[in-house]
Every structure is written in structure tokens, then in C-alpha cells.
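Hi everyone, thanks for coming. I'd like to walk you through a structure that may be new to you, so please have a look at it first.

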Amino acid sequence: MTSREQYVRAQEVAPDVFRLELPTPFKVGPVNVYLVKGEKLTLVDVGPLTEEAWQALQTGLDSIGISVEQIEQVVLTHHHVDHCGLLERVRQVSKAQTLAHPLAAPYIELDKEFIDFHDRFFTDLYKQSGVPQEKMFIIERFHKLMETFSQTSQIDMLLKHEQMVPNLSQWQVLYTPGHSQSHLSLYRASDRIMIGGDHIIQKISSNAFIEPPRDRSRVRPLTLVQYRTALEMCADMDIEMVLSGHGEPVRDHRELILARLRKNWERTDALRKMLKDGEKTAYELTAMLFPTLYEKELPLTLSETLGHIDLLMILHQVDVREQDGVLYYSV
């Protein structure tokens, strides 16, 4: 079924904030986007570029008496296609402006120079990690993902940490990187509500995806370290409820964050045990950590492995040597 009647009505999850659940073709399942009433009607995220998501978006808005044409601005929590893919279609219908973090821009604009740099970065990273040559097709798979589930669009206003959201005077921007370099969240102090994108999700632990560096140097960001720091920032905040990009709202954010942080150390312990019988590459460790998943989800699982290696490296708990451009880790 693809009829609009199958989709759930928008739900008011906080005053003047409505959740719309849109289908995605991805393993993560449906994505939540939020309609926020303020000085301007604002849509936070838009869903993937599929006809099913487009129909669901229209149906959800219709259920609260709003049309896509009435949307005045879109705020993106981050640049992943399940959150931004429909952006240009929404813009063309509504003439809405787009607000996002600066680091989302090259992905949203599908900037060719950046995409070429992106490919070179991952070619070098995967070689360094010991990924076999026959697995390098995953770089091309990224292109197909972007081309299939998003289309070239643009960002009109760039957002910074702790600024107030233009035309949403009660809402403040929080820069919460880790899951992506462009990730931001929105916080309303009056009732302690946070629209958290994929930063804090109840049922799944957000992956800290490896991404190219913002300054295009050869030093990549330590995404898991970033993610943990951004989680700790939120744990120190008075948050009543996190409205997540997937699943149900989070009401116990401190307990959930503590559990996520503990899980990181469990995984670093697992890596150290794997290294006790000899040195290994990041790819070999990924295959051991995720034996049933790594071949299907190599970018995700390798990011997870490299992030935990980063933690161990910072604490000088592993050693590394390079041979023929490949890094080998040991304890």
C-alpha cells in the first residue's frame, strides 16, 4: 500500500510541536520529523526522497490542518539522507528557506569538489584500515545512496552553537556532533524539551560515523570522542524530554547516556582482548566485533571499530605500527 490513508496522523508531543512518522527504506525504520509552530511554521527534518515518505509527510501535515505549501522554513538536524532527502521537493513546493549547520552544506549541495575529496579520504582510510581491494565498492555505494534518496538542494542560513533559531525565538541551537559532523539539536528552555535528531535515541545507540575533516587536512575528526563529549554536555543539562529522530521520546536522558558511555568501555575491553593473541588491522577487528554484520554494513561497523580504537589510542592502551600503508594494532 502507498495510499496516504495508511500513515499515522501527526501527534502533538509538546506544546506547538507535532511529530510526523515517515517510512524509510532503511534498516533503522521510520524517521520522525517535527512541525514546530513559532513565528514561522518550521519543519525539523524532512525524510528521505521516496514517494512513500512524501505522501506520509503530506498526510501528517493535513491531519493538523497544514499543507506543505505553508511551510516557511526547514531546520536540518544533520545531512543523512533519511533526514534531508526530501528537502528540495519541500522547498520547490513551499519556497521555504533551509537552516543547518555549515558542515551540512557540501552534502546538501552535492558539491563535486567535496565529493571527490570525500572519495579520496575514504580510499586512503580504508586502505590504512586493511580493507581488501574487492570491498572498495562501498565508496561508490555512498554515491548511489545520495543520488537515490536525496537531490541537490541548498542551505540559506547557517546555524551556530547556542544561537537562537531564527523565527523560533524560544528555541536554541545546540551543536551535538559525533553521529555526523553537521549534527545539531534544538532546545526549548521554557519546558526543557530537546529535538535531538539522531543524537539521543531510546532503542538504538547512534553510530559515530567517520567523516572527512572540515578543513580538508589529513587529520580526521575523532567522531566517537566528539559524540561522547556531546552526550556529556547533554547529561549536564536539565532536559525533560528528548524528541528523537527515530522511535519514542526519551524521558530518562541521563540514565540512557550513562549506559551508552559504559557500553563504549565494554567495547574497548573487547578490542583489547582480541589483540592479546597478536596484532590486527581495523578491518580484522571489525570482522571479529561484528561477524554477522560487517560485510553488509562495513562503513557503519568500521566506524564503530575505529572510534573505539581512537579511545584506546588517546589513553595509550594500544600500540600501532605502519607497514606498506596499513596500520596494525597491538597491546
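Let me start with a small puzzle: is Arg-192 buried, partly exposed or exposed? Before you answer, please keep in mind that this is a predicted model. The answer is that Arg-192 is partly exposed, since its relative accessible area is 29%, and the buried class stops under 20% while the exposed class begins over 50%. To find this residue, look in the loop that joins strand E10 (184-188) to strand E11 (193-197). Something else about Arg-192 may catch your eye: its phi is positive, about 60 degrees, although the residue is not a glycine. As background, most residues other than glycine have a negative phi. Glu-162 is another non-glycine residue with a positive phi, near 75 degrees. You can spot Glu-162 in the loop between strand E7 (157-158) and strand E8 (164-165).

Now let's go inside. Nonpolar side chains in soluble globular proteins tend to be buried together. Here, the largest nonpolar core has 30 residues, and Leu-35, Leu-57 and Val-74 are the ones with the most contacts inside it. Which elements give two or more residues to this core? They are strand E2 (17-22), strand E3 (31-36), helix H1 (51-62), helix H3 (87-94) and helix H4 (105-108). H1 brings the largest share, with 5 residues.

Let's stay with Val-74 for a moment. If we leave aside its neighbours within four places in sequence, Val-74 is in contact with Leu-43, Val-46, Leu-87, Val-90, Ala-96, Gln-97, Thr-98 and Leu-99. Apart from this core lies another one, of 26 residues, and its members include Phe-122, Val-131, Leu-275 and Tyr-283.

A stop at helix H4 next, where we find Pro-106. This proline is buried, with a relative accessible area of 17%. Beyond its neighbours within four places in sequence, Pro-106 is in contact with Asp-111 and Phe-114. How far is Pro-106 from Leu-275 in space? The two are 38 Å apart, C-alpha to C-alpha, and 169 residues apart in sequence.

On to the helix pairs, beginning with H5 and H6. The axes of H5 and H6 come within 10 Å, crossing at roughly 150 degrees. Angles over 145 degrees count as roughly antiparallel, so that is the description that fits H5 and H6. Their crossing is right-handed. On the H5 side, the contact is made by Ile-115, His-118, Asp-119, Phe-122, Thr-123 and Tyr-126, and on the H6 side by Ile-138, Ile-139, Phe-142 and His-143. By class, the residues of this contact are 6 nonpolar, 3 polar and 1 charged.

The loop between helix H5 (112-128) and helix H6 (137-149) holds Gly-130. Gly-130 is partly exposed, and its relative accessible area is 24%. Which residues does Gly-130 touch, not counting those up to four places away in sequence? Thr-281, Tyr-283 and Val-326. You may remember Tyr-283 as one of the residues of the 26-residue core. Gly-130 and Arg-188, on the other hand, are 45 Å apart in space, C-alpha to C-alpha, with their positions 58 residues apart in sequence.

Last stop: helix H7, and two of its partners. Helix H7 (residues 223-235) packs with helix H8 (residues 253-274) at an angle of about 155 degrees, and their axes are 9 Å apart. H7 and H8 are therefore roughly antiparallel to each other, and their crossing is left-handed. From H7, Leu-224, Arg-228, Leu-231, Glu-232, Cys-234 and Ala-235 meet His-253, Arg-254, Ile-257, Arg-260, Leu-261, Asn-264 and Trp-265 of H8. That contact has 7 nonpolar, 2 polar and 4 charged residues.

How does H7 pack with helix H10 (residues 298-314), and at what angle? The angle is about 85 degrees, with the axes 7 Å apart, which makes H7 roughly perpendicular to H10. In this pair, Leu-224, Val-225 and Arg-228 of H7 meet Gly-307, His-308, Leu-311 and Ile-314 of H10. The classes here are 4 nonpolar, 2 polar and 1 charged. Notice that Leu-224 and Arg-228 of H7 take part in the contact with H8 and in the contact with H10.

That's my tour, so thank you for listening!

Note on methods: Residues are numbered from 1 along each chain as its sequence is written. This is a predicted model: local features need pLDDT of at least 70, side-chain atom pairs count only at pLDDT 80 or more; totals for chains, interfaces and linings use all residues. Side-chain values use heavy atoms; hydrogens and water are left out. A nonpolar core is a set of buried Ala, Val, Leu, Ile, Met, Phe, Trp, Tyr and Cys residues joined through side-chain atoms within 4.5 Å. Buried means under 20% relative accessible area, exposed over 50%, partly exposed in between (1.4 Å probe, protein chains only). Helices (H or I, at least four residues) and strands (E, at least two) are DSSP runs, numbered from the N terminus. Contact means heavy atoms within 4.5 Å. Axes are lines fitted to C-alpha atoms, for helices over the stretch in contact, and angles run from 0 to 180 degrees between N-to-C directions. Angles under 35 degrees count as roughly parallel, over 145 as roughly antiparallel, 65 to 115 as roughly perpendicular and the rest as oblique. A crossing is left-handed if the near helix is turned anticlockwise from the far one by less than a right angle, and right-handed if clockwise. Ala, Val, Leu, Ile, Met, Phe, Trp, Tyr, Cys and Pro count as nonpolar, Asp, Glu, Lys and Arg as charged, and the others, Gly among them, as polar.
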